[in-house]
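Hi,

Here is the structure I promised to pass on to you. Have a look at it first, and then read on for my notes on what turned up in it.

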Amino acid sequence: MSMWSSSTDMAPGRGHSDDADGPIPVGYVRRAHGVRGDVVVRSMVDDAATRLVVGASFATDAPEQPILTIEAVTALADDYRILFAEVSDRTHAEELRGVQITIPASERRLLPDDEWWPEDLIGCQVITSDGSQVGTVHEVIFGSAQDRLVVVAPDGSTAEVPFVEALVPTVDIAHDRIFVELPSGLFE
């Protein structure tokens, strides 16, 4: 059982996002680099080396710069130095700080049956095996040991449920439900 960040592979995803029209973030511009218009981009996907390539075009969340096309790219330690064809100087590059580059949801890779996109889990009802309503998934937190679902109970209280098979034995994305086996006291 695992969750994936918004990574891609040119195949449709599963679950809620199959018919979602919303863009999927691939990365974001951290800062300008040099004087000719290069920027440093932090990848938000696990297939960045195949996604961030010369000639690739991306939509953005910036109305003044709706499309960016990679003209040159160099891998850095945790980032990529990219020159976009539409960016001609450092001033323009600095204006892109914080801009996300995105792809359509239809270009995400297909997930195995035991993996889910985080955005597919958000909004799902969390239910115990005896049918009791626990709450709704409000957020997904990524961790090095395991990911966690932030669940908001009907009374407004929140708790983090480790996203491991022992506690989350069943995920039913088609019906917006997640079944859990919670230790006593988690929501008290």
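A word on terms before the notes: two residues are in contact here when heavy atoms of theirs lie within 4.5 Å. With that in mind, take the contacts in the chain between residues at least 6 apart in sequence: 56% of them join residues at least 24 apart. Please keep in mind as you read that this is a predicted model.

**The chain overall**

The chain has 188 residues, and 41% of them are buried. Its secondary structure comes to 3 helices and 14 strands. The accessible surface is about 9,600 Å², and carbon and sulfur atoms account for 51% of that.

**The six-stranded sheet**

One open sheet is built from 6 strands, in the order β12-β11-β10-β9-β14-β13, with mixed pairing. Its edge strands are β12 (158-162) and β13 (170-172), each of which pairs on one side only. From one strand to the next, the twist averages 35 degrees. At the β13 edge, β13 runs antiparallel to β14 (residues 177-180), and 3 bridges join the two. If you want a spot to start from, Thr 170 stands opposite Phe 179 in β14.

**Pairings around β7**

Strand β7 (residues 100-104) pairs with β2 (residues 23-33) in the antiparallel sense, over 5 bridges. Within that pairing, Ile 24 faces Ile 103 of β7 as its opposite number. Strand β4 (residues 57-60) also pairs with β7, again in the antiparallel sense, this time over 2 bridges. Here Thr 60 has Ile 101 of β7 as its bridge partner.

β4 has a further antiparallel pairing, with β5, through 3 bridges. Those two strands form a hairpin with 6 residues between them, and in it Ser 57 stands opposite Thr 69 in β5.

The side chains of β4 are worth a look too. In a regular strand, side chains alternate between the two faces of the sheet. In β4, Phe 58 and Thr 60 point to one face and are buried, whereas Ser 57 and Ala 59 point to the other and are not.

**Two nonpolar cores**

Nonpolar side chains tend to be buried together in soluble globular proteins. The largest nonpolar core in this model has 24 residues, and those touching the most other members are Leu 52, Phe 58, Ile 82, Phe 84 and Ile 101. The elements that each give two or more residues to this core are β2, β3 (38-43), β5 (67-75), β6 (79-84) and β7. Of these, β2 gives the most, with 4 residues.

Which residues does Leu 52 touch, not counting those up to four places away in sequence? They are Val 26, Ser 43, Phe 58, Ile 70, Val 73, Tyr 80, Ile 82 and Ile 101. Another core lies apart from the largest one; it has 17 residues, among them Leu 121, Val 140, Val 168 and Ile 178.

**Val 29**

Val 29 sits in strand β2. Is Val 29 buried or exposed? Its relative accessibility is 1%, so Val 29 counts as buried, the cut-off for that being under 20%. Leaving aside neighbours within four places in sequence, Val 29 is in contact with Val 39, Val 40, Val 41, Leu 96, Arg 97, Gly 98 and Val 99. In addition, the C-alpha atoms of Val 29 and Asp 79 are separated by 9.7 Å, with their positions 50 residues apart along the chain counted as the separation.

**The aromatic pair**

Finally, the structure holds 1 aromatic pair. Trp 116 and Phe 163 form this pair edge-to-face, at 5.9 Å centre to centre and with 80 degrees between the planes. Trp 116 lies in strand β8 (residues 115-116) and Phe 163 in the loop between β12 and β13, so the pair ties together parts that are 47 residues apart in sequence. Both Trp 116 and Phe 163 are buried.

Happy to go through any of this with you.

Best wishes

Key. Residues numbered from 1 in each chain as written. Predicted model: local features only at pLDDT ≥ 70, side-chain atom pairs only at ≥ 80, totals over all residues. Heavy atoms only, no water. Buried < 20%, exposed > 50% of the residue type's maximum accessible area, 1.4 Å probe, protein only. Areas by Shrake-Rupley, 256 points an atom, 1.4 Å probe, with all protein chains shown as cover. Pairing = 2+ DSSP bridges. Axes fitted to C-alpha atoms, helices over the stretch in contact; angles between N-to-C directions. Core = buried A, V, L, I, M, F, W, Y, C linked by side-chain atoms within 4.5 Å. Phe/Tyr/Trp six-rings, centres within 6.5 Å; stacked < 30°, edge-to-face > 60°.
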